[in-house]
Amino acid sequence: WLTVRWVETRALVEAWVGEGYRGEARLFRRARTRRLEVRPPQGSAYSIIDSTFGSGVDSVAAVRVPLWQPGLHVVAYENEPTFIALDSGKFHAYLREDGLEHIITERARRGELAQPGRERYSRCAVAVVVPPGAKLASRQLPYATRGRSLELRIDSLPTGPGPVSGRLNYLAKPKGRVKVVAWHRDGEVLTRHTGVTDGSGRVRLPLDRPGQWLISAVHMGRLDAYHPERGDGADWRSYWASLTFEIPARP
C-alpha cells in the first residue's frame with residue numbers, strides 16, 4: 001500500500017508491504033515500476049516515472065508528488081508482474097483470507113490441491129493526497145483509469161467517520177463478487193471491516209473512526225496453457241488493489 005508523508009510543503013509517498021496493516025517500507029525500483037502517475041483535480045493523469053528516477057537512479061525510498069493545482073490529488077502505482085510460489089498450505093490460507101475460495105475449488109477440480117500455488121501478481125496501489133489544512137472546493141476524487149489494473153475507488157473523500165461507498169474496477173469495468181477489506185490501525189488496536197462487491201462492483205463499508213484507512217481487494221484468475229505470462233510456470237494471475245486515505249475527525 002501507499003502512505004503519504006509531509007515534509008514542510010512537500011508530499012512524499014512511500015510504499016509499504018505487510019499484513020494486518022502493519023509492515024515495512026520498500027523501495028520503489030525503476031525496473032519493477034510499470035505505472036506511476038498522478039491524477040490532478042483537473043486534467044489528465046500524467047506519468048512521473050522519469051521525474052522520479054532520473055538519469056542513473058535505479059531506486060528511491062519515496063516519491064515526491066508535484067502539487068501544481070489546489071485540491072485532491074491521486075497517486076497510482078502498479079508494479080511489473082512478479083512471480084511467486086507458495087506451498088499449498090500457505091497458498092490456501094492466503095486464498096481463504098482474501099475471499100478466493102473458488103480458486104481452491106478449481107484447484108481441487110484439477111487435482112492440484114497438494115501442488116504449490118504458482119502465481120504472477122501485480123500490486124495496484126492508490127493513495128489520496130490532501131495538503132494539511134487545505135480547504136477543499138470539492139471532495140470528489142479525480143479518477144482517470146488506464147492500463148491493466150484492479151482499482152478501488154470511493155465516491156468522495158469522507159468529511160468524517162461513517163459509511164463509505166466505493167467501487168472496484170478491473171480493466172476499467174466494474175468487478176462484482178470480490179471481497180473488500182477496510183483496515184485501520186491505532187497502535188495495537190486493529191479495526192477491520194469487510195464487504196463483497198455487488199454486480200455493479202459497488203461496496204459499502206462502515207469506516208467508523210478518524211485517521212488513516214487502507215482498503216484492499218484481490219482478484220485472481222487462471223492463466224491458460226498458452227498465455228504469455230505463464231513464463232516460469234505461473235498457473236494464476238492476480239491483482240492486489242489498495243487505496244489509502246485519511247478521514248478527519250468531525251468538529
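Two residues are in contact when heavy atoms of theirs lie within 4.5 Å. Keep that in mind while reading these notes, and remember that the model is predicted.

1. **Two helices that meet.** Start with helix 2, residues 88–97, and helix 3, residues 101–109: their axes come within 7 Å and cross at roughly 140°. That angle makes helix 2 oblique to helix 3. On the helix 2 side, the residues that meet helix 3 are Ser 88, Phe 91, His 92, Leu 95 and Arg 96. Their partners in helix 3 are Glu 101, Ile 103, Ile 104 and Arg 107. Sorted by class, this contact has four nonpolar, two polar and three charged residues.

2. **Aromatic pairs, starting with Phe 28 and Tyr 77.** How many aromatic pairs does a search of the whole structure find? The search finds seven. Take Phe 28 and Tyr 77: their ring centres are 5.4 Å apart and their planes stand at 80°, so this pair is edge-to-face. Phe 28 belongs to strand 4 (residues 28–29) and Tyr 77 to strand 9 (residues 73–79), so the pair ties together parts that are 49 residues apart in sequence. Are these two buried or exposed? Phe 28 is buried, at a relative accessible area of 1%. Tyr 77 also counts as buried, at 11% relative accessibility.

3. **A pair inside helix 2.** Now go back to Phe 91, one of the helix 2 residues that meet helix 3. Phe 91 and Tyr 94 make an edge-to-face aromatic pair, with 5.9 Å from centre to centre and 65° between the planes. Both residues sit in helix 2, three residues apart, which is about one turn of the helix. Phe 91 counts as buried, with 0% relative accessibility. Tyr 94 counts as buried as well, because its relative accessibility is 15% and the cut-off for buried is under 20%. The story goes on beyond this helix pair: ring pairs link Phe 91, Tyr 94, Tyr 121 and Trp 240 into a cluster.

4. **Arginines over rings.** Have a look at two places where a charge meets an aromatic ring. The charged end of Arg 222 sits over the ring of Trp 236, 4.8 Å from the ring's centre. Likewise, the charged end of Arg 237 sits over the ring of Tyr 239, and here the distance to the centre is 4.2 Å.

5. **Positive phi in a loop.** Which loop holds Leu 171? Leu 171 is in the loop between strand 13 (162–170) and strand 14 (173–174). Its phi is positive, about 55°, although Leu 171 is not a glycine. This residue is partly exposed, with a relative accessible area of 33%. Ala 172 lies in the loop between strand 13 and strand 14 too. Ala 172 is another residue other than glycine with a positive phi, near 70°.

6. **Arg 5, in strand 1.** Arg 5 lies in strand 1, residues 2–7. Arg 5 is partly exposed, at 37% relative accessible area. Setting aside neighbours within four places in sequence, its contacts are Arg 10, Ala 11, Leu 12 and Glu 14. Arg 5 and Pro 248 are 243 residues apart along the chain, and their C-alpha atoms are separated by 16 Å.

7. **Arg 202, in strand 17.** What does Arg 202 touch, not counting residues up to four places away in sequence? Its contacts are Asp 155, Ser 165, Gly 166, Arg 167, Val 196 and Thr 197. Arg 202 itself lies in strand 17, residues 202–207, and counts as partly exposed at 30% relative accessibility. From C-alpha to C-alpha, Arg 202 and Val 180 are 10.0 Å apart in space, with their positions 22 residues apart in sequence.

8. **Two exposed residues.** Ser 44 is in the loop between strand 5 (33–39) and strand 6 (46–47). Ser 44 is exposed, with a relative accessible area of 59%. Val 126 is 82 residues away from Ser 44 in sequence and 16 Å away in space, C-alpha to C-alpha. Ala 249 is found in the segment after strand 19 (236–247), and at 54% relative accessibility Ala 249 counts as exposed. The C-alpha atoms of Ala 249 and Lys 135 are separated by 15 Å, and the two residues are 114 residues apart along the chain.

Notes
Residues numbered from 1 in each chain as written. Predicted model: local features only at pLDDT ≥ 70, side-chain atom pairs only at ≥ 80, totals over all residues. Heavy atoms only, no water. Axes fitted to C-alpha atoms, helices over the stretch in contact; angles between N-to-C directions. Helix = DSSP H or I, 4+ residues; strand = E, 2+ residues; numbered from the N terminus. Parallel < 35°, antiparallel > 145°, perpendicular 65-115°, else oblique. Nonpolar A, V, L, I, M, F, W, Y, C, P; charged D, E, K, R; others polar. Buried < 20%, exposed > 50% of the residue type's maximum accessible area, 1.4 Å probe, protein only. Phe/Tyr/Trp six-rings, centres within 6.5 Å; stacked < 30°, edge-to-face > 60°. Lys NZ or Arg CZ within 6 Å of the ring centre and 35° of its normal.
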